[in-house]
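Visitor: I like to know what stands behind the words people use for a protein model. Could you take me through this one, term by term?

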Amino acid sequence: MIGVFGGTFDPIHVGHVAIANEVAGGFKMDQVLFVPNSRSPLRQTPIATGQDRSEMCRLATRENPIFSVSTVEIDRDGPSYAIDTIEILREAYPDDELALIAGMDIVDELLEWRDSSRLLENTLMIVVERPGFDEAKLRDVARELGAEDRILPHRTTPLDISSTEIRRRIKAGLAYRHLLHDHVYQYIVRHGLYRDR
């Protein structure tokens, strides 16, 4: 099984890597692909460039042999749709089961995703639980999409870290190094990312 962990990763932080480690272990995954998106149709436009975010993902994941970074969304023009990404990755990995890894925040958006029912016909979605996770709501969404056996909640160690908070700390001149892989921290400092926004 290959996990497909998409997100803005603006920047990638230790919480992202911890989630990937726990999900990979829990589902005995052979590989986890970190897929920074170009532009989510339902989210704010990323601040760092696709190249910067992809490189930070490489730096954060390079010590784990089952982690790798795919630029399939960065390399495409326009918004990033999960259905398109999965179809491209399925061609690249025809013999592997693909499983999307997502946070619980996607539950409110999932019905708005392009072709979400078709996406989940033969793709697992592993939804990472956080404090306050509404499993009943997830079950309702899964039922509406006809994907009760394809959307799986998974409890991980809660880490209260967000990329938004890291960017706020950088702009305010507050400590943030402890929230990032050291190579990512050095990259942000070297390139002056997030200081003005």
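Guide: Gladly; we will go through burial, salt bridges, a helix and the nonpolar cores.
This is a predicted model, in which local features need pLDDT of at least 70 and side-chain atom pairs count only at pLDDT 80 or more, while totals for chains, interfaces and linings use all residues. Residues are numbered from 1 along each chain as its sequence is written, and side-chain values use heavy atoms, with hydrogens and water left out.

Visitor: Why is Arg 195 called exposed?
Guide: Exposed means over 50% relative accessible area, buried means under 20%, and partly exposed is in between (1.4 Å probe, protein chains only). Arg 195 has 55%, so the residue counts as exposed. Arg 195 sits in the segment after α7; helices (H or I, at least four residues) and strands (E, at least two) are DSSP runs, numbered from the N terminus.

Visitor: What makes Glu 87 and Arg 118 a salt bridge?
Guide: The term asks for a side-chain nitrogen of Lys or Arg within 4 Å of a carboxyl oxygen of Asp or Glu. Between Glu 87 and Arg 118 the N to O distance is 2.5 Å, so the pair qualifies. Glu 87 belongs to helix α3 (residues 82–92) and Arg 118 to helix α4 (residues 116–119), so this bridge ties together parts 31 residues apart in sequence. Glu 87 has a relative accessible area of 33% and is therefore partly exposed.

Visitor: Why are Glu 87, Asp 115 and Arg 118 described as one network?
Guide: Arg 118 also meets Asp 115 in a salt bridge, at 3.0 Å, N to O. Salt bridges that share partners join these residues, Glu 87, Asp 115 and Arg 118, into one network. The structure holds eight salt bridges.

Visitor: How do you know that Glu 129 is buried?
Guide: Its relative accessible area is 8%, so Glu 129 falls in the buried class. Arg 155, its salt-bridge partner at 3.1 Å, has 64% and therefore counts as exposed.

Visitor: What about Arg 53, why does it have no salt bridge?
Guide: The nearest side chain of opposite charge, Asp 10, is 4.5 Å away, so the 4 Å cut-off is not met. For charge, Lys and Arg count as positive and Asp and Glu as negative, with His and the chain ends not counted. Arg 53, in helix α2, is buried all the same. Its side chain reaches the backbone oxygen of Thr 8 at 2.8 Å, and a polar atom of that side chain lies 3.1 Å from the backbone oxygen of Ala 48.

Visitor: What makes you say that the buried residues of α6 lie on the same side?
Guide: Those residues are Ser 163, Ile 166, Arg 167 and Ile 170. They cover an arc of only 100° around the axis, which puts them on the same side of α6; the arc is that of the directions from the helix axis to the C-beta atoms. An α-helix has 3.6 residues a turn, so residues three or four places apart point the same way.

Visitor: And what is called a nonpolar core?
Guide: The term means a set of buried Ala, Val, Leu, Ile, Met, Phe, Trp, Tyr and Cys residues joined through side-chain atoms within 4.5 Å. In the largest one, of 36 residues, Ile 12, Met 29, Val 32, Phe 34, Met 56 and Ile 188 touch the most other members. Helix α1 gives the most to this core, with five residues. Apart from it lies another core, of 27 residues, including Tyr 81 and Leu 138.

Note on methods. A polar contact is a pair of N or O atoms within 3.5 Å; within protein, one must be able to donate a hydrogen and the other to accept it, and residues adjacent in sequence count only if both atoms are side-chain atoms.
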